[in-house]
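Work through the exercises below with the structure open. Each one sets a task and then solves it in steps.

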Protein chains: 2
Amino acid sequence: MRIPNHVGIIPDGNRRWAVDKGLSKENGYISGIDPGLELFTLCKNAGIKEVTYYGFTVDNTKRPAEQRKAFTEACINAVKILSNQDAELLVVGNTKSDMFPQELMPYTVRKTFGNGGMKVNFLVNYSWKWDLDHLKEVKSRSNNINNQIQSYDVSRVDLIIRWGGRRRLSGFLPVQSIYSDFYVIDEYWPDFKPEHFYNALSWYSDQDVTLGG
Amino acid sequence: MRIPNHVGIIPDGNRRWAVDKGLSKENGYISGIDPGLELFTLCKNAGIKEVTYYGFTVDNTKRPAEQRKAFTEACINAVKILSNQDAELLVVGNTKSDMFPQELMPYTVRKTFGNGGMKVNFLVNYSWKWDLDHLKEVKSRSNNINNQIQSYDVSRVDLIIRWGGRRRLSGFLPVQSIYSDFYVIDEYWPDFKPEHFYNALSWYSDQDVTLGG
């Protein structure tokens with residue numbers, strides 16, 4: 001079986017899950033933390049080298065304050081939980097905004113936790129515009145774009161898995177997603193099951209790799 | 001029914017279609033021309049304002065010479081056929097390369113043909129790197145990225161339809177595709193049927209529009 005090097009995770013559907021349970025929308029995020037850790041372990045055991053979680057975006061911060069507070073808390077907790085694992089952790093996002101949680105500042109340079117191993121990127125207050133705007137600042141025009149964006153330390157994504165049924169990228173790492181295969185799971189993220197991940201891997205293994213060629 | 005303003009078309013599967021018919025790969029492209037015109041008419045009748053065809057990319061030009069010749073010829077013919085319709089036509093791609101067909105140079109500035117109407121963009125020798133590299137040249141850092149890329153005259157894409165079963169963007173307009181909904185048809189492009197398009201429109205109409213919010 002051909003295993004992707006780098007898997008991108010779009011954990012969507014927390015709010016719809018909450019509403020289906022009769023909860024208010026902001027109560028969905030806390031139920032997205034355990035699946036994140038479970039998926040981390042599955043990725044690691046599968047031999048994946050790098051995983052990127054779509055935490056929250058600058059676009060998302062325009063939502064009602066109680067939702068913003070809830071998804072920010074969930075991201076802080078998720079990063080702290082991951083820092084207790086064996087991982088090389090990096091938080092990527094616009095730190096020069098009030099929306100970036102100060103608790104996550106220490107994670108914005110890649111650090112090894114435990115015995116290291118898999119690279120884990122967590123997008124927090126991320127914005128595709130912020131990511132690409134960096135190209136306007138570069139001095140060398142001949143250099144590779146991948147090294148000149150804000151998220152230069154995040155490599156090309158081979159497989160993107162999105163929960164919650166939407167078939168769109170919603171601004172997820174536009175440069176690294178150029179050649180990614182895109183797998184959508186209809187279930188909401190808090191209803192994560194290992195078989196979702198295995199189905200995605202199995203589907204990915206049947207795809208060809210052309211990198212646009 | 002909610003109709004997209006701008007539809008992106010990835011007409012993939014020409015080579016696999018040819019091989020299935022017992023033809024050599026390069027013989028698939030010529031059968032992709034008629035579907036392009038048929039789809040143009042369907043889009044126009046549906047009230048779509050803009051359509052973008054993924055002709056060929058800089059990545060594609062690394063293929064064997066007989067394939068390159070065949071897909072280049074097919075794109076030249078397709079653009080000429082569209083210029084006999086009512087359309088506002090624009091060819092977008094890297095013209096400063098030998099791979100760009102000189103016959104299409106007159107179309108690299110948007111022009112009205114017939115009574116105009118729908119905008120039609122045709123990507124020819126297009127490259128996402130070439131498109132984004134333009135950001136390195138800009139003088140105003142505060143301006144909007146969408147106005148500062150090479151393909152600035154191509155607007156945000158609402159719905160991308162890809163034929164041939166692959167679930168990937170393959171470098172298609174990364175900035176304009178940030179929030180696009182992505183619909184995949186398993187059949188190969190030369191087997192285009194109007195119902196593919198109607199199914200895509202119907203699916204699109206059921207999606208929400210959040211633009212990342």
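**Exercise 1.** Which residues in H2(B) meet which residues in H5(B)?

*Solution.* The model is predicted: local features need pLDDT of at least 70, side-chain atom pairs count only at pLDDT 80 or more, and totals for chains, interfaces and linings use all residues. Residues are numbered from 1 along each chain as its sequence is written, chains are lettered from A and ligands numbered from 1 in the order in which they are written, and side-chain values use heavy atoms, with hydrogens and water left out.

Step 1. Helices (H or I, at least four residues) and strands (E, at least two) are DSSP runs, numbered from the N terminus. H2 of chain B has residues 33–46, and H5 of chain B has residues 194–205.

Step 2. Contact means heavy atoms within 4.5 Å. From H2(B) come B:Glu38, B:Leu39, B:Leu42, B:Cys43 and B:Ala46, which meet B:Pro194, B:Phe197, B:Tyr198 and B:Leu201 of H5(B).

Step 3. Sorted by class, this contact of H2(B) with H5(B) holds eight nonpolar residues, no polar and one charged. Here Ala, Val, Leu, Ile, Met, Phe, Trp, Tyr, Cys and Pro count as nonpolar, Asp, Glu, Lys and Arg as charged, and the others, Gly among them, as polar.

**Exercise 2.** Find how H2(B) is oriented against H5(B) and against H3(B).

*Solution.* Step 1. Axes are lines fitted to C-alpha atoms, for helices over the stretch in contact, and angles run from 0 to 180 degrees between N-to-C directions. The axes of H2(B) and H5(B) come within 10 Å and cross at roughly 40°. H2(B) is therefore oblique to H5(B). Angles under 35 degrees count as roughly parallel, over 145 as roughly antiparallel, 65 to 115 as roughly perpendicular and the rest as oblique.

Step 2. For H2(B) and H3(B) (residues 65–82), the axes also come within 10 Å, and the crossing is at roughly 30°. These two helices are therefore roughly parallel.

Step 3. The crossing of H2(B) and H5(B) is right-handed, and that of H2(B) and H3(B) is right-handed.

Step 4. On the H3(B) side, B:Ala74, B:Asn77, B:Ala78, B:Ile81 and B:Leu82 meet B:Ile33, B:Leu37 and B:Phe40 of H2(B). This contact has seven nonpolar residues, one polar and no charged.

**Exercise 3.** Classify two aromatic pairs of chain B and the burial of their residues.

*Solution.* Step 1. Rings of Phe, Tyr and Trp (its six-membered ring) pair if their centres lie within 6.5 Å; planes under 30 degrees apart count as stacked, over 60 as edge-to-face and the rest as tilted. The count over all chains is 24 aromatic pairs.

Step 2. B:Tyr29 and B:Phe71 pair edge-to-face, at 5.5 Å centre to centre with 80° between the planes. B:Tyr29 lies in the loop between H1 (14–20) and H2 of chain B and B:Phe71 in H3, so the pair ties together parts 42 residues apart in sequence.

Step 3. Buried means under 20% relative accessible area, exposed over 50%, partly exposed in between (1.4 Å probe, protein chains only). B:Tyr29 is buried at 10%, and B:Phe71 is buried at 4%.

Step 4. B:Phe197 and B:Tyr198 form a tilted pair, 5.8 Å centre to centre and 55° between the planes. B:Phe197 is buried at 0%, whereas B:Tyr198 is partly exposed at 44%.

Conventions. A crossing is left-handed if the near helix is turned anticlockwise from the far one by less than a right angle, and right-handed if clockwise.
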